[in-house]
Amino acid sequence: MPDARPAAVALEGIAKKFGAVVALRDVSLAVAEGEFVCFLGPSGCGKTTLLRIVAGLERQNAGVVRMAGRDVTGLPPGQRNYGIVFQSYALFPNLTVARNVAYGLRARRRGAREIEARVAELLALVRLEAHAHRYPAQLSGGEQQRVALARALAPAPALLLLDEPLSALDARVRLALRHEMKALQRRLGITTIMVTHDQEEALTMADRIVVMNHGVVEQVGTPAQIYSEPSSLFVARFVGHMNLLDAVAEGRPGWARVGPLVLRHRGTPATAPGATVTLGIRPEEIGVGPAAREAENRVSARVTSAQFQGAFTRLLLQPVGAAGPPLECDVAAGALGELDLEEGAELPVTLRADALRVLASRPAAS
Amino acid sequence: MAIGRTTGGAAIPDRVVGRRLDAERALAQAGLAVFAVFLYVFLVWPMAQVLWRSLLDNDGRVIGLANYVRYFRTPAIAASITNSLLVSAVAMILTVALAFVYAYALTRTRMPGRTVFRLVAVLPIFAPSLVSAIAFVYAFGNNGIVTRYTGVNVGIYGARGIVLAEVFYCFPHAMLILVAALSAADARLYDAAAALGASRVKTFLTVTLPGVKYGLMSACFVVFTLVITDFGVPKVVGGKFSVMATEIYNQVIGQQNFTMGATVSVVLLIPAVLACAIDRLVQRRQYALVSSAARPLQPGRGRLAGALLFGYCGLIGAGIVGIYLVIVASSVVTRWPYNLTLTLKHYRFDSAGGYTALLNSLGVATLTAVVGTVVTFVGAYLVEKYRTRASGPLAMLALLPVSVPGMVLGLAYIFAFNAPGSVLNRLYGTLAILVVSNLVHYFTVPFLTATTTLKQMDAEFENVSASLGVPFYRTFWRVTVPMALPSIVGISMYFFLNAMVTLSAVVFLVAPGTELAAVAVLLLDDAGESAQATAMSVLIIASGLLVRLAYWAVLRGVTRRTQAWTAATQPPGRG
C-alpha cells in the first residue's frame, strides 16, 4: 500500500526467543491508521508475545517496531502512546472506578477539573456513569472490562491494544461486548490490535486478520478473504469448518481424483499430474437435494447422521463407494423441508467446482 | 515442512534489543543494587568471615582443618555436638506430640473455650527463651516451689531442664503450624471413609494423619531448628551440660578463643541448614495437598473424646499459665520462695542500670520493625517485579538467614565489624548494629510473606501503569502497598516481637550504653539477681502483649477500611 502517510504500526522482521524456544520468526506487518487488526491463532502461536513486543512489555531479539513512522524499538512502554486492556482487567482493586479511569491522566499533570471532565466523558462512553464511585469488586465482569477500556482510552492514545479482552467473560456478555467494543472503535477511529484465539471473535470484529501459527504469519487478509480463500491447510482448519479430501491431481489441469470420483476444482494453484493434494470445501457449500441433481461434481451419498443445530442442520454424508471420513454438510432450516430426509437415505450431492479449493500445507508464496 | 520451522533458530540473536535506560528503570536497578549490597555486607561477607576464621589459628595463620580436628578430639567440647542433637531430638518429639493433640482438640472438636486455649498456648512466644528456663528453675529447681512443697527434686539442671524449658518455649510454634495443617482438611475424604464403614481409628490413620504429614514434618523441623540454635535455655539451666550454642559463647566470651568459636559455629550451621532446607521442600508440597474443590470439615460432636481433650488442653493451658504466674509472682515478692511479702523493689533494676535496657529494647524493636518492613517489602517487590539476572540469586540469598543460628550471626558480626581498619567498624557498639542484626536474623520469614503477597497480585498492574506512563513507584505506593497492608502490618509485628525477645545474636553485640532487656535478663540471672531478671521478663512480655494488642486494633481498622474493595459481593438490583 503505497500510502503517503506511514503505517500506524509497522513491524519489521520481528524475532523472539525464550531460551532455546523460538516464539516469533521474522514477522513483518503493517497496520494502517484507524484499522482494527486481529492476531488470531492457537495458544502458543506467538500472538500475545507479538502484542507485548508492540507494547514494549517484552523485548524482541531482532526487528524494529515503528509507530506512525517513529522507531519506538528502544522506548519504554510509557513513551509509546498506547492504551492496553488485559484479559484479567487488571483494575486497581483499591481505587474506585473514577480513580481507575483517571489513573493515567494524573501522570500527565492535567488539572483536577480537566481530569474530572475527561473521566466523566469516558464513563459516559462506556455507559458506567452511575458506577463512578464503586470499587471494581462491586461490578460484574463485563462492567469491569468496560472500565479497563475507559482507563486505557482516557489519555487519548494513538493505539489501542487488546489482549484477549473477552476471554474471561461468559458467552452472552462476550457477544454483547464484542459489538459494543467494535462500535466504539469505529466511532473513535482508533487504530486497534486485538489478540484472540476465538476465530468467531476475529471474523466479526476485525478489519483485517493476521493468522499466526508456530511463530510465523500464515495469512493476512480481511475476514472474508481468510474465510473464503484460506492460503494454507492450517488456516482452512483453524478458521471455520472445512471438509478436507485427500486427492491425486489428474493429467487434465483443474481436475483431481478422490477415491473413485473425479472432480473438477478451482484450478489454482496449478498442480502437477500425479501429485497428492488436499481439496477443501465448507459444509454450507455442499449442495444437496433437487438442486444437486443436474449439477457437475455430482456424487451420491448416504446420510449417516443428521444433527439439529437450530438455524441449520448438519448432515454427515458418506459418498457411495468412497472411503474416508464422511462429509459435513449444513442445510438451512428453510431448505430442510424440501428434502425427504432420514438417516440411511441416499441423496444426490454436488461439490461445486468453484468451492473446491486446492490447499497446500504451507502458504503457496514461500 | 514442520522441520523447517524448528531449525535455523541460530539466525536469531541471543540478546534482546537494547533499550534506552530511562530514569525509572535506573531507579529500580539502583534499588536492586542497594538490596544486593545490603545482603552482601550484612550477610554474605560476615558469614564468609566465620568460615574463614575457622581455618585460622588465633594468631591469624592458616592451619587448615586443624581446629576441626581439635574440636572433635577434645571430649569436653565434642560432647556439645551429641548433647545438642540429643536434646533437640527429644524436645522435638515431645513438643510435636503434645502440640499435635492440642491442635487436634482446637480444630477437630467443638469443645468449649477453644479461643481461650488458643490464646493461652501462644503466650510463650512473648517471652525470651531463657525466661521459661528461669521460671522452670523457680518451680523445679533445688529451691523451687514445687521441689519445696513436694520434696521431689526432678534435677532440673542439665539435659532434663533444657528439654522441659524448650518444650514450653517451642510449643506455640509447633501448635500454630499444626493448627494450620489440621484446618486444611477436606470433608469429602471423611465422608468417603464413613461411607465405606471405616472405624474412627482407621479414619484417623488413613485420612487424618496422611493429610497433615507435611505439617507434622514442618513442625518437627521448625522445633528442631529452634532448639538446636537456642542459647538462652541451656545457658540458664544447662549447668555443666554443654550444647553447641553455649559452647560458642564459652569459647568466645569465656576463653576469648575466637577461632574455636568459629569452628563450632560452622558445625552448628550444618544441622540448622539441613533442617531448614528440608522444611522448605516439605512446605512446597503442603500447598499442593488440598485442592480448591475441597469442602471444609465441620468438627464432629464425640462427647467422651471432647471431654478427654478438654481435660488435656486444660492441663497444658494451666501449665503455661502457671509458669507465667511463677514469673510474675517471683518478680513482686521480696525473696522467692522464702519471703513472700509483696514488693516492687525488683522493678528498680538497681543492678542493671535502671530502665535503659528496656528503653533500648523498645527502640531497637521499633526500628527493626520499621526498617525491616521497608527493606523486606521493597526488596521482595524489586526482586519479584523487576526480573533481572540477579533476581534468582537474590531470592536464594534471602532464604539463607533463617538457617543461620543467632549465635553464629552474632559471631560473624564481631568478625566483620569489630575488625580494626574496617570502614564499617564504627557500627560496632551502636544501636544500629543491633537493629541490623535483628533485621538479618529474622529476614527470611517476612521476605517470603511479602513475596507470597506480591505473587498473589495481578502481574499486569505494573504493565498497565507502564502503558499509562505512570512511574512504577507511584503504582507501588498507590496500589501495591494499600493492597498488601494486612501483610505489611503482620511483617512489622513479627519483626517487633522477635526483636524484643531475641538474645542469641545480640548477646555478642551489646556494648555499654546499648544494653538490651533480654540480655539484661541473662546478666541479672547470671549475677544471682533472679528476681530482677524475672521483673525485666515481665516487662518484656507486657510490652510484647501490648504491642500485639495495638496491632490487632490496627489490623481491624485496616480490614474495615479495605472491606469495600475486598468484598466480592455485588450490590443487589443491578441490571
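Me: Before we start, what counts as a nonpolar core here?
Reply: A nonpolar core is a set of buried Ala, Val, Leu, Ile, Met, Phe, Trp, Tyr and Cys residues that are joined through C-beta atoms within 7 Å; please keep in mind that this is a predicted model.

Me: OK, so how many residues are in the largest one, and which have the most contacts inside it?
Reply: The largest nonpolar core holds 270 residues, and the ones with the most contacts inside that core are A174(B), L178(B), V223(B), L411(B) and M536(B).

Me: Which helix gives the most to this core?
Reply: That is helix α8 of chain B, spanning residues 159–183, which contributes 15 residues to the core.

Me: And V223(B), what does that one touch?
Reply: Leaving aside residues up to four places away in sequence, V223(B) touches A91(B), M92(B), T95(B) and V96(B), and also C170(B), H173(B) and A174(B); of these, A174(B) is itself among the residues with the most contacts inside the core.

Me: Switching topic: how many residues of chain B are in contact with chain A?
Reply: On the chain B side there are 34 residues, and they are in contact with 37 residues of chain A.

Me: Which helices supply the chain B side?
Reply: At least two residues each come from α21 (460–467), α22 (472–501) and α24 (530–566) of chain B, and the largest share, six residues, is that of α21(B).

Me: What's the make-up by class?
Reply: The side of chain B that touches chain A has 18 nonpolar residues, along with eight polar and eight charged ones.

Me: Now chain A by itself, what is in there?
Reply: Chain A has nine helices and 20 strands, its C-alpha atoms fill a box of roughly 75 × 45 × 40 Å along the principal axes, and 42% of its 366 residues count as buried. Among the contacts in chain A between residues at least 6 apart in sequence, 66% join residues at least 24 apart.

Me: There's a five-strand sheet in chain A; what's the order, and is the pairing parallel or antiparallel?
Reply: The sheet is open, with its strands in the order β15-β19-β16-β17-β18, and the pairing is antiparallel. The edge strands, each pairing on one side only, are β15 (286–288) and β18 (327–332) of chain A, while neighbouring strands of the sheet are turned by 45° against each other on average, direction ignored.

Me: How many bridges join β16 to β17?
Reply: Seven bridges join β16 (residues 298–308) to β17 (residues 312–319) in chain A, and these two strands run antiparallel; as one example, A301(A) has P319(A) as its bridge partner in β17(A).

Note on methods. Residues are numbered from 1 along each chain as its sequence is written. Chains are lettered from A and ligands numbered from 1 in the order in which they are written. This is a predicted model: local features need pLDDT of at least 70, side-chain atom pairs count only at pLDDT 80 or more; totals for chains, interfaces and linings use all residues. Two strands pair if DSSP finds at least two bridges between them. Helices (H or I, at least four residues) and strands (E, at least two) are DSSP runs, numbered from the N terminus. Axes are lines fitted to C-alpha atoms, for helices over the stretch in contact, and angles run from 0 to 180 degrees between N-to-C directions. Two residues are in contact if their C-beta atoms, placed from the backbone, lie within 7 Å. Ala, Val, Leu, Ile, Met, Phe, Trp, Tyr, Cys and Pro count as nonpolar, Asp, Glu, Lys and Arg as charged, and the others, Gly among them, as polar. A residue is buried if 20 or more other C-beta atoms lie within 10 Å of its own, exposed if 12 or fewer, and partly exposed in between; C-beta atoms are placed from the backbone.
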